[in-house]
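Work through the two exercises below with the sequence and the model open beside you, and try each task before reading its solution.

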Amino acid sequence: MMTHSAIALTGFITWTLLLLALMELIRTQLVLRGKIPANGFTPDNANLSPFMQRLARAHANCVESLPVFGGLLLVSIVTGRASITDPLAYLFLACRVFQSLVHLTSLSATAVSVRFTAFAGQMAIGLYWAFKLLVSL
């Protein structure tokens, strides 16, 4: 049976993949409709719609965070210390998904503050996990 930490890590990876798949689906449609050449994309989607720019950034946020937070989850699983990360694993994943969804919907000052709050929650959980894992090793 998978631990909550393993499920959350799998969820994090899946969420990151889903954001990428959505971006590539939209890009493919743009190419097939002749609106942009296949080699006309920038990594940050700067030459596309504001939504596509936010999507690229939301995906990049996940990719940037995955080694750190995913690494902590993986360490806990591999060392048999998932009991440290399990209690907050789903909350962490919820904060990550919520941060991305807010990022996709708006860049207003309120949305940025809400998004930061979700990120701050992830940071607090990550720091707690790191401390507890270090102390337990």
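**Exercise 1.** Which residues form one aromatic cluster?

*Solution.* This is a predicted model, in which local features need pLDDT of at least 70 and side-chain atom pairs count only at pLDDT 80 or more, while totals for chains, interfaces and linings use all residues. Residues are numbered from 1 along each chain as its sequence is written, and side-chain values use heavy atoms, with hydrogens and water left out.

Begin with the pairing rule: rings of Phe, Tyr and Trp (its six-membered ring) pair if their centres lie within 6.5 Å, and planes under 30 degrees apart count as stacked, over 60 as edge-to-face and the rest as tilted. Searching the whole structure gives three aromatic pairs. One of them joins Phe 12 and Phe 92, tilted at 55° with 5.7 Å from centre to centre; Phe 12 belongs to helix α1 (residues 4-32) and Phe 92 to helix α3, 80 residues apart. Phe 92 is buried (under 20% relative accessible area, 1.4 Å probe, protein chains only), at a value of 0%. The rings of Phe 92 and Trp 129 also form a tilted pair, because their centres are 5.5 Å apart and their planes stand at 50°. The cluster therefore comprises Phe 12, Phe 69, Phe 92 and Trp 129.

**Exercise 2.** Compare the expected span of helix α4 with the distance between its end C-alpha atoms.

*Solution.* Helices are DSSP runs (H or I, at least four residues), numbered from the N terminus, and the expected span is 1.5 Å times one less than the number of residues. For the 28 residues of α4 (109-136) this gives 40 Å, and the end C-alpha atoms are 40 Å apart, which agrees.

Methods
Helix = DSSP H or I, 4+ residues; strand = E, 2+ residues; numbered from the N terminus. Buried < 20%, exposed > 50% of the residue type's maximum accessible area, 1.4 Å probe, protein only.
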